[in-house]
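This report describes one protein chain through its helices and strands, its nonpolar cores, its enclosed and open spaces, and a few individual residues. The sequence and the structure come first, and the description follows.

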Amino acid sequence: MLHPELVNGKYAFYTRPQSSFMEGSDTGIGFSLCADVNNPVLESAVMLDDKYYHSIKEVKSGPGATPIKTERGWLHLCHGVRNCASGMRYVLYVLVTDLNEPHKVIARPGGHFIAPLGAERVGDVSNVVFLNGVAVDPAGNVKIYYPSSDTRIHVATSDLDRLLDYAFNTPEDARRSADCTQQRIDLIRKNLALKA
């Protein structure tokens with residue numbers, strides 16, 4: 001996927017490097033620069049977002065729609081894949097990268113943003129959601145187009161303020177069940193204190 005602006009005078013690409021369809025230590029979202037888009041040779045590749053075991057992206061992850069430029073950073077909607085009892089489960093997740101250095105992640109909320117639910121789990125390829133596109137209007141309203149189970153398409157609506165609040169105020173995955181549970185307890189207590 002092509003980044004919407006030049007970075008240091010070069011084209012920037014988000015890639016999904018992997019050794020094979022479902023395996024490889026280099027699986028995740030890569031970021032590379034290219035001097036000439038007509039004769040592309042990707043250079044200076046870095047891993048923007050690695051996969052890791054026992055997470056929503058333990059098998060692989062990939063970029064979704066073109067990132068959205070906001071005042072706080074580039075808002076990315078990505079997809080992650082993990083193994084579960086019913087097979088592969090594809091979900092959407094969010095991250096934010098730096099405006100000037102879009103290869104640097106500055107917010108990475110833990111867990112999924114959208115996961116297949118109810119009828120979304122049933123279809124040609126079950127238990128799958130991915131991203132078809134995102135549209136942002138001048139007022140900051142966001143439409144997120146996501147297919148489910150390779151059978152139907154849905155539209156989720158939100159706005160940039162809410163998405164950025166979610167991205168910056170949801171704790172990053174602590175990678176251990178007990179630690180993730182404690183994060184949620186702390187977040188609930190913080191939110192309850194704000195209401196008081």
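## Helix H2 and the residue Gln 183

Gln 183 has its place in helix H2, in what is a predicted model. With a relative accessibility of 18%, Gln 183 counts as buried, because the limit for that class is under 20%. Leaving aside neighbours within four places in sequence, the contacts of Gln 183 are with Pro 171, Glu 172 and Ala 174.

The loop between H1 and H2 holds Arg 175, a residue other than glycine whose phi is nevertheless positive, near 70°. Most residues other than glycine have a negative phi. Arg 175 counts as exposed, at 51% relative accessibility.

## The largest pocket

Helix H2, which spans residues 177-195, gives the most to the lining of the largest pocket, contributing three residues. The volume of this pocket is about 240 Å³, and of the 14 residues that line it, His 54, Ser 55, Arg 82, Asp 173 and Cys 180 are the closest to its centre. Sorted by class, the lining of the largest pocket consists of six charged, six polar and two nonpolar residues.

## The cavity and Gly 111

Rolling a probe the size of a water molecule over the atoms shows where empty space is left. The structure holds one cavity of 30 Å³ or more, and the largest cavity contains about 70 Å³ of space. Its lining is formed by Tyr 52, Ser 55, Ile 56, Lys 57, Tyr 93, Arg 108, Pro 109, Gly 110, Gly 111, Glu 172 and Asp 173, which divide into four nonpolar, three polar and four charged residues. Ser 55 and Asp 173, named above among the residues closest to the centre of the largest pocket, are thus also named in the lining of the largest cavity. Glu 172, another residue of the cavity lining, is one of the contacts of Gln 183.

Gly 111, which belongs to the cavity lining, lies in the loop between strand E8 (105-107) and E9. At 27% relative accessibility, Gly 111 counts as partly exposed. When residues up to four places away in sequence are not counted, Gly 111 touches Ile 56, Tyr 93 and Tyr 166; of these, Ile 56 and Tyr 93 are also listed in the lining of the cavity. Gly 111 and Asn 38 are 73 residues apart along the chain, and their C-alpha atoms are separated by 38 Å.

## Nonpolar cores

The largest nonpolar core has 20 residues, and those with the most contacts inside it are Leu 75, Ile 114 and Ile 144. Strand E6 (74-84), strand E7 (87-97), E10 and helix H1 (160-169) each supply at least two residues of this core, and the largest share, five residues, comes from H1.

Ile 114 touches Val 91, Leu 92, Val 129, Ile 144, Tyr 146 and Ala 156, with residues up to four places away in sequence not counted. Apart from the largest core lies another core, of 13 residues, among them Ala 12, Ile 29, Leu 33 and Leu 95.

## Strands E9, E10 and E11

Strand E9 (residues 133-136) and E10 run antiparallel and are joined by four bridges, in which the partner of Ala 135 is Lys 143 of E10. The hairpin of E9 and E10 has four residues between the strands, and within it Gly 140 takes a positive phi near 90°. Gly 140 is also in contact with Ser 158, which further touches Asn 141, Val 142 and Leu 163, again without counting residues up to four places away in sequence. Ser 158 is found in strand E11 and is buried, with a relative accessible area of 16%.

## The loop between E10 and E11

Two residues of the loop between E10 and E11 can be set side by side. Ser 149, placed in this loop, has a positive phi of about 50° although it is not a glycine, and Ser 149 is buried, with a relative accessible area of 0%.

Asp 150 also has its place in the loop between strand E10 (141-148) and strand E11 (152-159), but Asp 150 counts as partly exposed, at 42% relative accessibility. Beyond four places in sequence, Asp 150 touches Asp 124, Val 125 and Phe 130. Asp 150 and Ser 86 are 64 residues apart in sequence, and the distance between them in space is 16 Å, C-alpha to C-alpha.

Methods:
Residues numbered from 1 in each chain as written. Predicted model: local features only at pLDDT ≥ 70, side-chain atom pairs only at ≥ 80, totals over all residues. Heavy atoms only, no water. Buried < 20%, exposed > 50% of the residue type's maximum accessible area, 1.4 Å probe, protein only. Contact = heavy atoms within 4.5 Å. 1 Å grid on protein atoms, 1.4 Å probe; cavity = no way out; pocket = protein on both sides within 12 Å on 5 of 7 lines; lining within 4 Å. Points joined across faces, edges and corners; volume = space filled by probe spheres on them. Nonpolar A, V, L, I, M, F, W, Y, C, P; charged D, E, K, R; others polar. Core = buried A, V, L, I, M, F, W, Y, C linked by side-chain atoms within 4.5 Å. Pairing = 2+ DSSP bridges.
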